[in-house]
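Here's a quick briefing on a protein model, starting with the whole chain and then zooming in on one strand and its partners. Have a look at the structure first.

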Amino acid sequence: MVVGWLRPSDDNPSMPMPPFAALGLTLIERDWLSANQIVFAAAPDSPATVVDTGYVTHADTTLALVRHALGAAPLVRIVNTHLHADHCGGNQRLQQAWPDVQTCVPQASLAAVRTWDTWALGYARVHQHCPPFTADHGLAPGATLLLGGHPWQIHAAPGHDPHAVLLWEPASRTLIAGDALWQARLAIIFPELDDADGFAPTRATLDLIEQLAPRWVIPGHGPAFADVTSALAASRRRLDQFEAEPRRHDAHAARALLMFALMARTAPSRAALQADLQATPVFQQMARRLGQRDLAAWTDELVQRLLHDGWVVQQGDTLRVATRH
Ligand SMILES: [Zn+2]
């Protein structure tokens with residue numbers, strides 16, 4: 001975990017600095033289980049705000065980090081780029097800590113939050129836990145949100161999640177991308193696992209980002225970056241592969257969801273993890289799509305391959321993510 005932003009090193013004093021202080025924001029870089037937090041200090045007409053709140057198992061850490069970033073000021077607003085459990089799993093904890101906080105979620109997800117429909121929100125399907133929280137406002141594409149005293153535009157960012165939004169500050173050309181653009185990887189395109197079209201919306205969102213021409217991107221995971229051209233090229237290359245051969249996307253999704261399931265548990269036994277995977281609807285669905293009739297054998301093979309490739313380590317009967325990742 002890294003808090004803040006790296007300084008120009010002595011051997012590279014010309015490294016450009018992101019304008020985060022001028023934007024009134026603190027980037028709290030987390031990991032691949034918990035999404036990053038972007039904390040905006042209070043400014044005239046702009047209440048103190050956090051964008052995204054991490055996964056539930058890290059909620060106490062998220063609370064401590066947000067408190068530290070805000071100092072004595074209360075948190076007044078929570079904003080979520082989308083409602084995957086690693087982006088809003090700390091919402092409930094923050095709402096308990098600051099009972100007057102207002103929570104803003106993508107407009108298209110508002111109804112599902114209000115009825116706490118865990119199928120519509122996706123948690124039941126992937127067996128990820130997200131403690132229920134309340135939502136006060138919808139983030140409508142085309143609207144503007146004052147954050148840190150600056151107007152941030154809300155743009156629709158379908159693809160990885162059909163309801164996701166981007167936050168864009170045009171004066172500094174800073175983009176809060178959620179999981180729509182990472183520096184070197186492409187996130188799972190969830191609609192494709194449901195036989196819905198996710199590839200075309202993903203491509204359209206990458207095109208939108210290219211048109212916006214960000215100078216800085218703050219992704220949902222990983223450090224902020226300035227080389228947007230390389231990031232877009234890497235995402236498009238991966239998307240091209242997935243479109244040409246959709247089974248590769250299913251295989252990628254299975255590996256990524258398995259890694260998340262492992263990170264979300266503390267040293268599970270291999271048998272317990274595999275039993276969980278076999279009971280998880282999205283794994284049953286991916287096995288069907290990949291023509292794998294023997295679910296137990298397929299999940300065992302997935303684990304075995306991650307062990308072989310060094311992503312996962314087995315000690316006795318328990319599994320954990322390899323530390324080098
Ligand atoms: Zn996501």
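What follows covers the overall build, then strand β11 and the strands beside it.

Keep in mind that this is a predicted model. The protein has twelve helices and 14 strands. Its radius of gyration is 20 Å, close to the 20 Å that the globule rule gives for 325 residues, so the protein is as compact as a globular protein of that length.

**Overall build**

- Taken along the principal axes, the box filled by the C-alpha atoms is roughly 60 × 40 × 40 Å.
- Of the 325 residues in the protein, 52% are buried.
- Among contacts with a separation of 6 or more, 66% come from residues 24 or more positions apart.

**Surface and charge**

- About 14000 Å² of the protein is exposed, and carbon and sulfur atoms supply 53% of that area.
- On the charge side, there are 25 positive and 31 negative side chains.
- The centres of those two charge sets sit 3 Å apart.

**Strand β11, an enclosed strand**

- Strand β11 spans residues 174-178, and five of its five residues are buried, so the strand is largely enclosed by the rest of the structure.
- As general background, side chains in a regular strand alternate between the two faces of the sheet.
- In β11, Thr174, Ile176 and Gly178 point one way, while Leu175 and Ala177 point the other way.
- Buried here means under 20% relative accessible area, and the residues on both sides of β11 are all buried.

**The β10 side: an antiparallel hairpin**

- Strand β10, residues 165-169, pairs with β11 in the antiparallel sense, with three bridges between them.
- One pairing to click on is Leu167, whose bridge partner in β11 is Ile176.
- The two strands make a hairpin with four residues between them.
- Arg173 sits in that turn and has a positive phi of about 55 degrees.

**The β12 side: a parallel pairing**

- Strand β12 covers residues 216-219 and runs parallel to β11, joined to it by four bridges.
- Thr174 has Trp216 as its bridge partner in β12, and Gly178 stands opposite Pro219.
- Which residues lie on each side of β12? Trp216 and Ile218 are on one side, with Val217 and Pro219 on the other.
- Both faces of β12 are covered, and these four residues are all buried.

**Putting it together**

- β11 therefore has an antiparallel partner in β10 and a parallel one in β12, and the strand is largely enclosed, as five of its five residues are buried.

Technical notes. Residues numbered from 1 in each chain as written. Predicted model: local features only at pLDDT ≥ 70, side-chain atom pairs only at ≥ 80, totals over all residues. Heavy atoms only, no water. Rg over C-alpha atoms; globule rule 2.2 N^0.38 Å. Buried < 20%, exposed > 50% of the residue type's maximum accessible area, 1.4 Å probe, protein only. Contact = heavy atoms within 4.5 Å. Areas by Shrake-Rupley, 256 points an atom, 1.4 Å probe, with all protein chains shown as cover. Lys, Arg positive; Asp, Glu negative; His and termini not counted. Charge placed at Lys NZ, Arg CZ, Asp CG, Glu CD. Pairing = 2+ DSSP bridges.
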